[in-house]
Structures are given as C-alpha cells and as structure tokens.
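Reader: I should like to learn how to read the main features of a model such as the one shown here. Where should we begin?

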Amino acid sequence: MSNASRTGFAEDVKGARPIQFNNPPERDNCTERRLRRKLDLRVVPMILLAMMSSMDRIAITFARLKGLQSDLHLTDVQYDTVIAVVYASYCPALVPSNMVGLFRPSIYIGCCVVIWGIISTLTGLTKDYDSIITCRILLGLAEAVFYPGCSYLLSSWYTRKELGLRTTLMFAGGLTAHAFGSLCAAAVLGTMEGMLHIAAWRWLFFIQGIFTVAVGILSMWLLPDYPHNTRWLSVEEKYLAQLRLAKDVGEADIDSENASIFEGLRMAITDVKAYLFMFLAFSLYLSTSFTNFFPTLTATLGYSTTVTLLIAAPPWVLPAIVGVVNGWHSDRTGERFFHSVIYWWITIVGLVISLSTMATAARYLAQYLMALSLTGGTLLIAWVADAIPRPPGKRSVAIALTMLFGNAGTLVGSYIWKENWSPQYHPSFLICLCSLLATVVFAFIIREMQKRENKHVEHLKINGLNKDERRRIEKAAEMEGVTIDEAFKRRKRLVNSY
C-alpha cells in the first residue's frame, strides 16, 4: 500500500488530545483493552476471507475427482499447468499491490474479493483448456491483494506481543478451508451431479464463487483501514492506536518524509534478512506443495471419491487448532524460531513415513503430521514484521516479497507430483523433505542474525542514528510526552523477537 496512504501522524487526527491518556494506568489499560476487542472483531472477516481465498484456489483439486479433467479434455501436463498458473500470475502482483494499494484498504481488498469471486463463478462455465487457464490467471491476479495486504494491515494495528495470534488466526482460516472445502465438495459432488443438466463440479464453482462475492461486499464495511483514517474509531482511539505502535518498537510507525512508493522496495532489497526470509519461504512452500494435491494423495488410500473427500478434511483441523494455540504462546513468550521449527521436525517424521510405507493407516497418520508443517508457517509473516518493523514501507514490501517467494515455491511444487510417480510419489516426498531441512537451516541463520542485531542495538548511541530513525524516535517521544533521550533509551530496551 502506498506510502502516502500508510503515513499517519498523531497531529493528522483532528482534535486529538494526548492529555486524554494521562490517566491512571488502570484506566489506560481498560481503554486499550476496549480498543483491542473492537479490532479483534474486525479480524473475524479476515478469517472468513482467508478461508474463501484458499477454497476458491483449491476447488479445482476437488473438481478433478468428479470429471473436470476429462470434461475439459486436459492432459496431465495441462492440468498441472492449470494448478501452477494461478501462482504464476499471483506472485508478480504481490509486491506492486502492497506498494500502490489504495488509501482505503477495506475498499481495495473488498473489491478484489468480489472480483475473484466472480472469476471463481465463471470457472464453472469453462469449456476447454484455454478458458480455464484464462480464469486461473485472472484468479491469481485478484487474490494477490489479500494475504500480503491483510498481513501488512494487521501489523499496522497490533503490537509484537499481539501480532502472532492474529496472523495465525487469519492463516488458520486458510488451513480450515482445506477441511471445509473437502466437506463442501463431498456434499456438492455427491448430490448435485446432473442437476439442471449441469455437472456437479461446475456447481461447486458456482456455489463457492457466489458466496465469495457476498462476503467480499460485506467486507468493505467490516474491514478496518489504518489507525489514522478508520471511520469507526473515535479521535481518542485513533490516537491510542498510533501510540501503542510507537511504544511497542520505540519508533513511530511512519515512513520517511517525501518517500516515493519505491523507497520501501529499495530498503527491503538491501536488507539481508529480507533475502533470508524469501529463501526460507520458498523452501517452506515447496515442501508443503502437497496441499494442492491432498485429495489426490488421499485417493491413493483406495477409497471412493466421497469417502476420500471426507477423510481428507480432518488432517487440516489439527494444524488450525494447534496453530492458534501456538501463535498465542509465541506472543506471550516473544519467541518465533522454536515455535515454528518444532512443527517442521514433526512434518519431517511424516515425510519419512510416507517414503517408507504404503500401509493405509501409516500413510493417513503421515498426512496429519505433514499438515502440521503449516502450523509453523502461520507465524512466518509475524516473524517478518517483528524482524523488519520500521519503516512501514519497508515492512510492507518485505512481507510481500516473502509471500512472493513462498508462492513461487508452490508454483515449482505444482510440477513435482507427477502422475507417473503415483501412488508412492517417492521423488515428490524426497523433494519436500530436502526443502524442509533447508527451511530449518534458513530459520536458524535468521535467528542468529537477530541475536547479533539485538546486541548491536544495546550499544547504539543516539548520534549514530540516521535522519529517518531519529525522526521516528522523535515522533514517538512527542506522542508519549517524553524527551528524545528517554525515548531512545526505551528503544534500546525493546529488542526484536526471534
């Protein structure tokens, strides 16, 4: 989202009265809790939107089980391309979307949700390879707005002690989409075949697409904008929302004066941590590429289509529930590395089981363990926001670049589940295993780098700040009603989470 739309100053809030918060701590805490509850209610639509985003993207994997591939006369390579092309259009649009997004994220995101819902609905009308590939390309472009935009938006409202849980809740919506998507597909594909002389897989796209459009329209009124321009906050609440972020990092959440939309990009691509997060995301998403082929993998257990869809749902409930608890505990402890890596090691066990046996019970257990890899992945964006908190333009681009490389990993992963490798898929699981091991290595390097950075901050002198860093600390000092020296000392105590 553009720098102009992101920059919010306390003085921009007409009538703001800092003296309002010079009250006893108990009253300030109560006011902040009320604000946080009000914000949390606005996170709920994000969870639903995340669910619809994933369901609309993976609906094609369920439709394949009921004749989509044969009805559209797709070869195996063409089907793989149809899966992959959504990420080919999705990835290039991620960074520009977060750089030049509109002034009102609620309208911008809501409109894009309506557009992708319409595209999803039209997928049910496709007749051949050319028409479905066109729909998938357009779907990728429209959905590129959602995850990076909402992730950045959450980081513009919540402190580092709150962000992990909220981002996990949003991504948990995407995880449960696999479960609800399976159940929805089982109901539609099992009961609507031939209704009005229309194939059941087409009904699946119609129903999900129309529901997405309805949710998108509602989200324009439900989603927040930024702390300085959200319509449903009072003047004092707008001020408090900005003050919370300033106190959290010790710097105001503002960009450089007169910064262009490319300033955040320039700063992000010159930060080594951004590259490490990008490589981590690529290897992680490549290792979890099985998510787009989960119904196909479940079908290797030998059950009917309806039973396959039903038993494909439960493995996705576990990472969603565990992920929320994990995100909450990560916020409480201020730790990200171990809260992510432990689940990746569990997934490695699941991948080894899948490589070792074709026994039905063992392979199904492995699916539960593999799905847990996404529990650790739900904290990735919160970790990026913690590691690169200021300025907001840089944080926004870093989040988008991380998602770009992550989805590039998914794009590559679309081609590693070859039909002639079934039903064992040994090469596929081996690629996932190696990629996940690389993910653990990248995470460890980032952790060590952040530990060194925190030690460097402890010895930083105020005259060693650059112009923009000093300006952000001065703004934080002004908002808190303290001197810049006091604000700087506080900034040195606020180390980054890792």
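Author: Let us begin with burial: a residue counts as buried when its relative accessible area is under 20%, and as exposed when that area is over 50%. The model is predicted, and in it buried residues make up 61% of the 498 residues in the chain.

Reader: What are the numbers of helices and strands in the chain?

Author: The chain has 23 helices and 0 strands. As for its contacts, among those between residues at least 6 apart in sequence, 83% join residues at least 24 apart.

Reader: How much accessible surface does the chain have, and what share of that surface belongs to carbon and sulfur atoms?

Author: The accessible surface comes to about 19,100 Å². Carbon and sulfur atoms account for 66% of that surface.

Reader: How should one describe the packing of helices, taking α4 and α20 as the case?

Author: Two packed helices are described by the angle between their axes and by the distance between those axes. Here α4, residues 76-100, packs with α20, residues 392-413, at an angle of about 175°, and the axes are 9 Å apart. Helix α4 is therefore roughly antiparallel to α20, since angles over 145 degrees are classed that way.

Reader: Which residues make that contact, and how many of them are nonpolar, polar or charged?

Author: On α4 the contributors include Ala84, Tyr87, Cys91, Leu94 and Asn98. On α20 they include Ser396, Val397, Leu401, Leu404 and Thr410. By class, the contact of α4 with α20 has 15 nonpolar, 4 polar and no charged residues.

Reader: What should one look for in the backbone?

Author: Most residues other than glycine have a negative phi, and most peptide bonds are trans. His73 is not a glycine, yet its phi is positive, at about 55°. This residue is found in the loop between α3 (68-71) and α4.

Reader: Is His73 buried or exposed, and why?

Author: His73 counts as exposed because its relative accessibility is 64%.

Reader: What is the phi of His197, and where is that residue found?

Author: His197, also not a glycine, has a positive phi of about 60°. His197 is found in the loop between α8 (160-191) and α9 (200-222). With a relative accessibility of 80%, His197 counts as exposed.

Reader: What is the omega of the peptide bond from Ser422 to Pro423?

Author: Omega is near -5° for the bond from Ser422 to Pro423, and this peptide bond is cis. Pro423 is found in the loop between α20 and α21 (426-458).

Key: Residues numbered from 1 in each chain as written. Predicted model: local features only at pLDDT ≥ 70, side-chain atom pairs only at ≥ 80, totals over all residues. Heavy atoms only, no water. Axes fitted to C-alpha atoms, helices over the stretch in contact; angles between N-to-C directions. Helix = DSSP H or I, 4+ residues; strand = E, 2+ residues; numbered from the N terminus. Parallel < 35°, antiparallel > 145°, perpendicular 65-115°, else oblique. Contact = heavy atoms within 4.5 Å. Nonpolar A, V, L, I, M, F, W, Y, C, P; charged D, E, K, R; others polar. Buried < 20%, exposed > 50% of the residue type's maximum accessible area, 1.4 Å probe, protein only. Areas by Shrake-Rupley, 256 points an atom, 1.4 Å probe, with all protein chains shown as cover.
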